[in-house]
Amino acid sequence: MSTATHCPYCALQCATSLTAGPSGATTVTGRDFPTNNGRLCRKGWTAPELLTAPDRLTSPLLRGEDGELHPASWDEALDRVVNGVRAAQHAYGPDAVGIFGSGGLTNEKAYTLGKLARVALRTSRIDYNGRFCMSSAAAAANRAFGLDRGLPFPLTDLDRAGTVLLLGSNVADTMPPLVQHLSAARAAGGLLVVDPRRSATATLTADGAGQHLQPTPGSDLALLLGLCHVIVHDGLADETYVRDRTSGYPSIVRSVSGWWPQRVQQVTGVPAALVRSTAHQLADAARRGRSGDNGCYVLTGRGVEQHVDGTDTATAAINLALLLGLPGTPGNGYGTVTGQGNGQGGREHGQKSDQLPGYRSITDPAARKHVAAVWGVHPETIPGPGLPAVEMLTTLGLPDGVRCLLVHGSNPAVSAPDAGAVRAALRRLDLLVVADFFLSETAAQADVVLPVAQWAEEEGTMTNLEGRVLRRRRALRPPPGVRDELAVLADLAGRLGSPVPFSDDPAEVFAELARASAGGRADYSGLSYRVLDDEDQPAFWPYRAGSTGTPRLFLDRFAHEDGRARLVPVAVGQPAEALARDGTVALVSGRLLEHYQSGAQTRRVRELADARPGPELELNPVTARRLGIPDGSEAEVSNDRGTVRVHVRTTRQVRQDTAFLPFHFPGSANELTSVATDPVSGMPEFKAAAVHVRAVPEETRTA
Ligand SMILES: Nc1nc2c(c(=O)[nH]1)N[C@H]1C(S)=C(S)[C@@H](COP(=O)(O)OP(=O)(O)OC[C@H]3O[C@@H](n4cnc5c(=O)[nH]c(N)nc54)[C@H](O)[C@@H]3O)O[C@H]1N2
Ligand SMILES: Nc1nc2c(c(=O)[nH]1)N[C@H]1C(S)=C(S)[C@@H](COP(=O)(O)OP(=O)(O)OC[C@H]3O[C@@H](n4cnc5c(=O)[nH]c(N)nc54)[C@H](O)[C@@H]3O)O[C@H]1N2
Ligand code: SF4
Ligand SMILES: [Mo]
């Protein structure tokens, strides 16, 4: 028998069919669905291997007196958690307990984590790895549109695009089945990719399919101001749209006036003529889009967002889109390409430090009242806002910080910025509890490890990059010893003496979540498992009770009270650290096709590990020669935060002032990244760190 479900990994949430074989092996096939049309990437095809991985956790583990982890019963493990929580809260108060959640969790689990924090633990200290992922794009969209849904239109709208501007997004590696939706744009010569690397996606612009703009890392804001400058000064803006649907135009004109193309070239390295022609190409396409076809889309990815000015850069991209009249105009559009499997739903249901379910603000008295009524508690008992992820991680183990941390669905020992400092902070904790399927690098530091069910063994919902809510279905039972995570959270709430019940039934939790979201920005109140089971009726939020959902947002109005989008002036500021000075190169980090995130899952899939066994530093051959580092040899990459040794692969795909390192492995990019964060979103500066690269003397080489 086969089960219709979706891939465990990224936000494309490709539709799959899982079939459990007689020998216990599960096979996966791509299922026809508008986003993936039956296709899967290499990670999706190999995902079932993890269900029976030999080193899968099948028993809770407790750290013993000997300092080692030992198998224990679930009762012993949960008792240890409850005792640790009580001790920390007794000694230091409720905020001594923290939760670190994930955009990989189902909506039901993300919602339950938020409720567990506020109701059972009464702590404000909850945040999640989406802070590393979607926070800048989300902050910019909320500021401009009053609402944040990654793509405010169905992905298939791109099938008719004539021009697509992809800013810092490498979908050819990070969401391969999405590339089919760029075919029309490529055929029209309209794929425009902005990336300091000649990424796999930038390569798709070859042979007349489009243009690759290759700015220095972190200079996108200047480039976008330059594009806006040309739009304004060459009279290319959609004046009617700007007048009727936006506010703030005069301030934008002022903010872009100094960014003539020649100056943009000096700052970014993108030729002035290319800045000018790109602006004209976008405006031409926007005009065509308004009359029905071959329109214009602007999309951002982590390359422009994961910077200390990520919110402002995303804002500049939105300003460009608004000047061109794209958002809310059928045939044209603006969006961000959400990352994790439930990166969208994960930022809606209350696991963010400043948020309650339904994408509500935790400081809004009406929101607190509504959610408190659903939970059955007094509004005053709901704590206020906590700390965003990077800040919370820096408080771990400090006297007034978090002393006891619960991690669900993240591996910050590898994926957080300045990971060496994070591992040291985790060691300072009185109690670290990690729920996972594997002994990740973070779980290996834990005092209590809780083995939970994997995606194919649990029921739940995910909200994909388009804001489409999907059913993840159970295809098989978890192995003995492994428990359903939602049931573990409900059990824990009970043991902690929660004043109100927690359900362990996913459909019930979804119904409660839907009630909690009613009237909020991300309103799911018309949805239920029964509605979601009919895939012919796509479920795009807001999906209010009595409605049929919202495939396209902003058609008549934006979500601000006056219905207008805000043009917010932004300016180029200081980078987190001076790049490419004093012999340093700018280290850019990102993804490989074969590995997912911290690699805790994909490094355990043989085919993927064989294809990419470890991190390689991509370095331009000219730079490598200057530094005396032959192709394939070992190099030391270092700065104040850490040192890593990696093999070098020389490639003309990176600029001479830049090097690229993936973050999927321990001892890779995050030993070097900094905890400097965007002041609005709390997003860390993942994408640009100043590093020294040196040849490793022969006698000290490791391999
Ligand atoms: N294979 C794979 N796929 C994934 C994931 C994975 O780990 N592996 N993770 C998923 C998740 S959670 C996410 S968030 C998405 C991320 O998806 P993407 O945003 O596509 O991924 P990244 O590789 O982080 O960054 C994209 C590009 O940004 C470029 N870049 C770096 N610095 C700059 C800059 O300053 N300016 C510009 N313009 N570009 C820059 C990099 O060279 C890179 O090619 O992928 C999802 N899909
Ligand atoms: N240098 C650098 N660092 C980055 C980035 C970058 O571009 N450059 N990108 C950042 C981004 S965008 C992201 S999203 C983060 C992601 O980084 P992480 O937050 O570390 O994400 P994962 O590696 O997916 O970690 C998921 C862990 O949880 C487990 N897991 C998966 N599903 C579940 C579940 O349902 N329940 C439980 N309990 N466990 C589960 C997995 O086995 C794995 O150990 O990394 C960020 N770090
Ligand atoms: S693109 Fe994303 S959702 Fe699709 S198969 Fe690959 S990892 Fe899974
Ligand atoms: Mo992400």
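## Close-up views of a predicted model

**View 1. The hairpin of β24 and β25.** Start with Glu634, whose bridge partner in β25 is His647. Everything shown here and below comes from a predicted model, so read each view as a prediction. Strand β24 covers residues 634–639, and strand β25 covers residues 642–650. A hairpin connects β24 to β25, with two residues in the link. The two strands run antiparallel and are joined by six bridges.

**View 2. The other partner of β25.** Move along to strand β23, residues 616–619, which also pairs with β25. This pairing is parallel and uses four bridges. What stands opposite Glu616 in β25? That would be His647, which we already met as the bridge partner of Glu634. So His647 is a handy landmark here: look for Glu616 opposite His647, and for Glu634 as a bridge partner of His647.

**View 3. Strand β27 and its two neighbours.** Strand β27 takes in residues 689–695. One partner is β24, in the antiparallel sense, over four bridges. To find that pairing, look for Ser638, which has His692 as its bridge partner in β27. Another partner is strand β22, residues 585–590, again running antiparallel to β27, with three bridges between them. Here the pair to look for is Ala586, standing opposite Ala690 in β27.

**View 4. Where domain 2 meets domain 4.** Stepping back a little, the protein splits into domain 1 (2–52), domain 2 (61–132 + 346–505), domain 3 (135–337) and domain 4 (585–700). This view is about the contact between domain 2 and domain 4, whose centres, taken over C-alpha atoms, are 30 Å apart. On the domain 2 side the contact takes 17 residues, and on the domain 4 side 20 residues. How much area is buried between domain 2 and domain 4? The value is about 1,500 Å², with 59% of it coming from carbon and sulfur atoms.

**View 5. Strand β9, between β8 and β10 in the pairing.** Strand β9 (residues 191–194) pairs in parallel with strand β8 (residues 161–167) over four bridges, and in parallel with strand β10 (residues 210–213), also over four bridges. To get your bearings on the β8 side, find Leu167, which stands opposite Val194 in β9. On the β10 side, find Leu191, which faces Gly210. Are the side chains of β9 buried or exposed? Leu191 and Val193 point one way, Leu192 and Val194 point the other way, and all are buried.

**View 6. Two buried residues of helix α14.** Helix α14 spans residues 310–323 and holds Ala317 as well as Thr315. Ala317 is buried, with a relative accessible area of 0%. Beyond its neighbours within four places in sequence, Ala317 contacts Leu167, Leu224, Val298, Thr300 and Tyr334. Leu167 should look familiar as the residue opposite Val194 in β9. Thr315 is buried too, at a relative accessible area of 2%. Its contacts, leaving out residues up to four places away in sequence, are Ala140, Arg143, Val568 and Val570. If you go looking for Arg125 from here, zoom out: Ala317 and Arg125 are 32 Å apart, C-alpha to C-alpha, and 192 residues apart in sequence.

**View 7. Helix α11 and what its buried face packs on.** Helix α11 (residues 261–268) has Pro261, Val264 and Thr268 as its buried residues. These residues line one face of the helix because, seen down the axis of α11, they fall within an arc of 55 degrees. The buried residues of α11 pack against α8 (220–233) and α12. Right after α11 comes Gly269, with a positive phi near 85 degrees.

**View 8. Helix α12 from end to end.** Helix α12 has 19 residues, 272–290, and spans 28 Å from its first C-alpha to its last, close to the 27 Å expected at 1.5 Å a residue. Which residues of α12 are buried? They are Ala272, Leu274, Val275, Thr278, Ala279, Leu282, Ala283, Ala285, Ala286 and Gly289. These buried residues sit on the same side of α12, because they cover an arc of only 165 degrees around the axis. Just past the end of α12, Gly292 has a positive phi of about 120 degrees.

Notes
Residues are numbered from 1 along each chain as its sequence is written. Chains are lettered from A and ligands numbered from 1 in the order in which they are written. This is a predicted model: local features need pLDDT of at least 70, side-chain atom pairs count only at pLDDT 80 or more; totals for chains, interfaces and linings use all residues. Side-chain values use heavy atoms; hydrogens and water are left out. The expected span of a helix is 1.5 Å times one less than its number of residues. Buried means under 20% relative accessible area, exposed over 50%, partly exposed in between (1.4 Å probe, protein chains only). The arc is that of the directions from the helix axis to the C-beta atoms. Two strands pair if DSSP finds at least two bridges between them. Domain bounds come from an automatic or database domain assignment. Contact means heavy atoms within 4.5 Å. Buried area is the accessible area (1.4 Å probe) that two parts lose on being put together, summed over both.
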